[in-house]
Amino acid sequence: MNTVLKIAALSGLVFCQTTLLGAPLYKKPKLPVETRVEDLLSRMTLHEKVMQLNQYVHGTNMNLHNIGKIDDHYPLEAGSYIYYSQDPKMRNDLQKRVLKETRLGIPAVFAHDVTHGFRTIYPMPLAQAASGNPELVEKVCAMAASESRLSGTDWTFSPMLDVARDPRWGRITETFGEDPYMNSIFGVATVKGYQGNDLSSPEHMAACLKHFVGYGATQGGRDYRQTDISDNDLWNVHLVPFKACVDAGAATLMSAFNDINGVPSTANRHTLTEILRDRWNFNGVTISDWASVSQLKDYQSTASTYAEAAVQSLLAGVDIDMCSGCYSSTLDSLVNAGVIPIKRIDDAVRSVLRLKFRLGLFERPYTPEISRDKRLMTPWNLSIAEKMAEESMVLLKNDQNVLPLSHKKIAVIGPAATDKRAMYGEWFSHGDIDDATSLLDGIMQEFKGVAEVMYAKGCDFDGEERSGFAEAIKTAAEADVVILCMGERGNWSCENNSRAEIAIPGIQRELIKEFKNSGKPLVLALTSGRPVNLSDIEPVVDAIIEVWQPGIRGGNALGGILSGRVNPSGKLPVTFPRTPAQIPLYYGIRRGARFSPHGDYKDIPSTPLYEFGHGLSYSTFEYGEITADKTQFKQNDELTLSVEVRNTSDRDGAEIIHWYISDPVSSTVRPIKELKHFEKKYIKSGDRQVFTFKINPLRDLSILDKNGNVIIEPGDFIVSVKDKTIRLSLE
Ligand code: NOJ
């Protein structure tokens with residue numbers, strides 16, 4: 001058949017398929033997504049394609065940190081909107097116009113930052129990681145997805161997978177801490193919770209992996225700064241959680257603000273295309289961070305015009321421009337001028353359409369308008385939020401077993417006791433702080449009829465005002481125990497909220513010191529979105545509970561831990577330095593050239609105040625020796641290691657076991673130890689549990705070289721759990 005006939009035959013076939021047989025292919029839900037994508041793409045004009053690659057704001061912009069005016073002038077052809085409402089009606093009204101008033105009626109997708117809950121607010125991700133319980137995190141994220149999707153949000157910008165090793169960085173609270181493996185496990189749990197098995201289900205939403213990549217290494221912990229990342233750290237630290245979550249099927253990914261070694265993440269073809277698309281076969285959507293395309297011109301200055309910025313970003317691999325307007329204003333003419341190949345536009349549009357088909361938006365573009373009480377803050381959801389808060393709090397210190405309390409008169413002192421904002425942290429989506437149980441309310445509910453609870457604020461979070469000290473001292477004098485609810489305000493961490501000294505402000509520390517010689521047991525309930533400098537406070541108090549930013553039921557969880565109804569089980573996902581002068585300080589540092597693992601200072605200790613993995617319980621646990629089904633193995637073998645843990649106390653409790661590996665001799669210098677597995681189990685008083693670690697040598701004992709290739713070296717490996725070790729040998 002000659003070419004003309006072939007074309008005629010093919011177009012005849014398309015005509016039959018699309019017209020004679022009924023609806024166009026893309027409208028047929030039973031056809032494979034890729035067939036529908038190609039069919040729809042073939043019908044779109046260049047301008048329609050370009051508009052799919054733009055995101056606008058719909059509603060009142062509640063995001064303090066996003067630069068730009070409140071924008072309610074959105075074109076109906078836009079591919080997606082950031083949706084600032086918890087009412088599905090506003091979304092449905094806009095969607096109706098999109099379907100009716102645009103030529104092809106391609107449904108819009110609605111996104112929002114749901115990072116630790118939509119209306120029911122859970123602990124911040126850093127706190128969630130302390131729980132050691134990815135199954136619970138998955139449940140929490142499934143609940144968040146249900147509230148979101150039923151309220152009109154199809155897509156969240158979460159999880160945040162930036163490995164964060166500098167507690168000064170405000171955004172550390174949005175991460176799962178300092179360890180790449182821990183970020184991977186909780187990242188995957190989050191993705192699974194949001195997305196479920198079927199993105200089109202009415203109670204699941206698309207996840208977005210952010211920020212790709214290396215943002216956690218921002219210089220000096222200051223936000224939006226440069227990062228200088230070696231290939232070794234890029235592959236073995238920063239990319240690790242992203243790879244795990246791409247493999248878990250995350251639907252979308254966001255580029256980061258930082259530059260790596262001079263290349264802005266928004267314009268980094270190596271990470272966004274060569275690694276993400278070509279090596280990892282990611283076929284989801286990539287989106288810029290807020291206005292980060294225009295920032296290539298306005299701040300980072302790798303582009304002299306917005307058109308140049310759009311070229312750099314799109315060709316690097318960013319499909320959607322979040323809110324900067326660079327793509328919508330320049331891409332049509334850039335394609336017409338031959339600067340951007342249409343193939344790149346088509347590939348980006350394919351990703352966006354694929355997301356919409358996967359979300360089922362062509363079949364169900366509208367959100368059912370069900371009443372608020374059926375979709376928000378259901379009793380089951382609140383109970384999950386409380387459980388998450390209980391499991392995420394970390395008992396850092398408990399001298400003389402002052403906790404749990406058996407005292408009859410409890411003084412609660414401090415600004416965090418009644419401050420519900422401190423419960424929520426930032427990015428609390430549609431949460432209403434009035435819904436939260438404050439720490440004081442939680443303590444009062446817990447001890448009702450059991451002990452007398454008295455309260456005095458004493459001072460504010462910061463400032464100079466000491467007029468409340470006298471009442472606080474008097475209240476404490478009447479009590480048998482003093483609970484100091486102190487720490488950071490809710491908005492002292494997250495985006496653009498870095499802190500240099502990371503201390504509790506002076507006024508609170510002064511008040512704490514007033515109780516030093518009171519003879520009363522002092523318990524610090526610490527609210528914070530990061531490790532805090534406790535250097536002069538830790539010696540003064542008898543017990544410390546890291547409460548974090550615990551969410552809507554934080555007060556109930558604290559009450560339960562103080563009374564002993566809840567046995568604390570959280571463990572730190574991040575190192576607490578003694579002072580910020582020690583930063584960087586994290587457990588996974590590479591071996592030094594001489595004896596001292598952290599490198600010594602003459603004037604301060606070089607060890608942390610609290611190590612990664614630290615966390616006490618009211619139970620006591622005894623570890624047996626590690627056993628292995630074999631200790632000599634080949635790289636394709638699988639090994640099973642076990643350790644038995646006994647609860648030697650009279651209290652039931654949960655223990656989280658961290659399994660580390662280290663490579664005593666390697667061709668490049670490796671970290672002293674690397675977390676490769678963790679597990680949490682409940683162990684009844686007097687009972688025992690066996691914890692296991694199935695080692696896949698290629699996965700667990702290898703490292704990646706500067707090109708991301710797996711290297712595994714024969715020889716010995718040491719596996720450790722607490723102070724127990726076993727030596728294994730790879731032939
Ligand atoms: C900027 C933040 O960096 C990002 O995490 C967030 O998702 C976007 N703004 C959208 O609000």
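Gly653 in β21 has Ile683 as its bridge partner in β22. The model is predicted, and this pair is a good place to enter it. β21 and β22 are joined by 9 bridges and pair in the antiparallel sense.

Now turn to β26. Strand β21, residues 653-662, is also joined to strand β26, residues 715-721, by 3 bridges. These two strands run antiparallel. Two pairs mark the join. Ile661 has Val719 as its bridge partner in β26. Tyr660 stands opposite Ser720 of β26.

Step back to see the sheet that holds these strands. It is an open sheet of 5 strands, in the order β19-β27-β26-β21-β22, with mixed pairing. Its edge strands are β19 (632-633) and β22, and each of them pairs on one side only.

How many of the 10 residues of β21 are buried? The count is 10 of 10, so by the cut-off of under 20% relative accessible area the strand is mostly covered. In a regular strand the side chains alternate between the two faces of the sheet. β21 can be read in this way. Gly653, Glu655, Ile657, Trp659 and Ile661 point one way. Ala654, Ile656, His658, Tyr660 and Ser662 point the other way. Residues of both sets are buried.

A helix lies across this part of the sheet. Helix α7 crosses β21 and β22, and runs at about 55 degrees to β22.

Helix α6 comes next. Its buried residues pack against β22 (674-683) and against α7 (180-195). They also pack against α5 (125-130), α15 (372-375) and α16 (379-392). How many of the 16 residues of α6 are buried? The number is 12, and α6 is mostly covered. Among the buried residues are Pro134, Leu136, Val137, Val140 and Cys141. Further along, the buried residues include Met143, Ala144, Ala145 and Ser146. Glu147, Ser148 and Arg149 are buried too.

The length of α6 can be checked. The helix holds 16 residues, 134-149, and at 1.5 Å a residue it should span 22 Å. Its end C-alpha atoms are 22 Å apart, which agrees.

Look at Thr190 next. This residue belongs to helix α7. Is Thr190 buried or exposed? Thr190 is buried, because its relative accessible area is 3%. Beyond residues up to four places away in sequence, Thr190 touches Val137, Cys141, Ser158, Pro159 and Phe176. Val137 and Cys141 are among the buried residues of α6.

Thr190 also leads to a cavity. Rolling a probe the size of a water molecule over the atoms shows where empty space is left. A search of the whole structure finds 6 cavities of 30 Å³ or more. The second largest cavity has a volume of about 50 Å³. Which residues line the second largest cavity? Thr190 is one of them, along with Thr115, Pro125, Gln128, Cys141 and Ser158. Pro159, Met160, Glu174, Phe176 and Tyr194 line the second largest cavity as well. α5 and α7 each supply at least two residues of this lining.

Past the end of α6, find Thr153. Thr153 sits in the loop between α6 and β4 (155-156). Thr153 is buried, because its relative accessible area is 0%. Leaving aside neighbours within four places in sequence, Thr153 is in contact with Tyr83, Arg91, Phe110, Ala111 and His112. Val114, Phe118, Ser148 and Met205 are also in contact with Thr153. Ser148 is one of the buried residues of α6.

Tyr83 points the way to another set of strands. Tyr83 is the bridge partner, in β2, of His58. β1 and strand β2, residues 80-84, are joined by 5 bridges and run parallel. β1 is also joined to strand β10, residues 321-322, by 2 bridges, and these strands run parallel. Here Asn54 has Asp321 as its bridge partner in β10. Strand β1 covers residues 54-59 and is mostly covered, with 6 of its 6 residues buried.

End at helix α8, residues 231-238. Its buried residues include Leu234, Trp235, Val237 and His238. Where do the buried residues of α8 pack? They pack against α7, α9 (240-247), β7 (259-260), α10 (269-279) and β24 (703-704). That brings the tour back to α7, the helix that lies across β21 and β22.

Note on methods
Residues are numbered from 1 along each chain as its sequence is written. This is a predicted model: local features need pLDDT of at least 70, side-chain atom pairs count only at pLDDT 80 or more; totals for chains, interfaces and linings use all residues. Side-chain values use heavy atoms; hydrogens and water are left out. Helices (H or I, at least four residues) and strands (E, at least two) are DSSP runs, numbered from the N terminus. The expected span of a helix is 1.5 Å times one less than its number of residues. Buried means under 20% relative accessible area, exposed over 50%, partly exposed in between (1.4 Å probe, protein chains only). Contact means heavy atoms within 4.5 Å. Two strands pair if DSSP finds at least two bridges between them. Axes are lines fitted to C-alpha atoms, for helices over the stretch in contact, and angles run from 0 to 180 degrees between N-to-C directions. On a 1 Å grid over the protein atoms alone, a cavity is a set of points where a 1.4 Å probe fits but cannot get out, and a pocket is an open set with protein on both sides within 12 Å along at least five of seven lines; lining residues have an atom within 4 Å of a point. Grid points are joined across faces, edges and corners, and a volume is the space filled by probe spheres set on the points.
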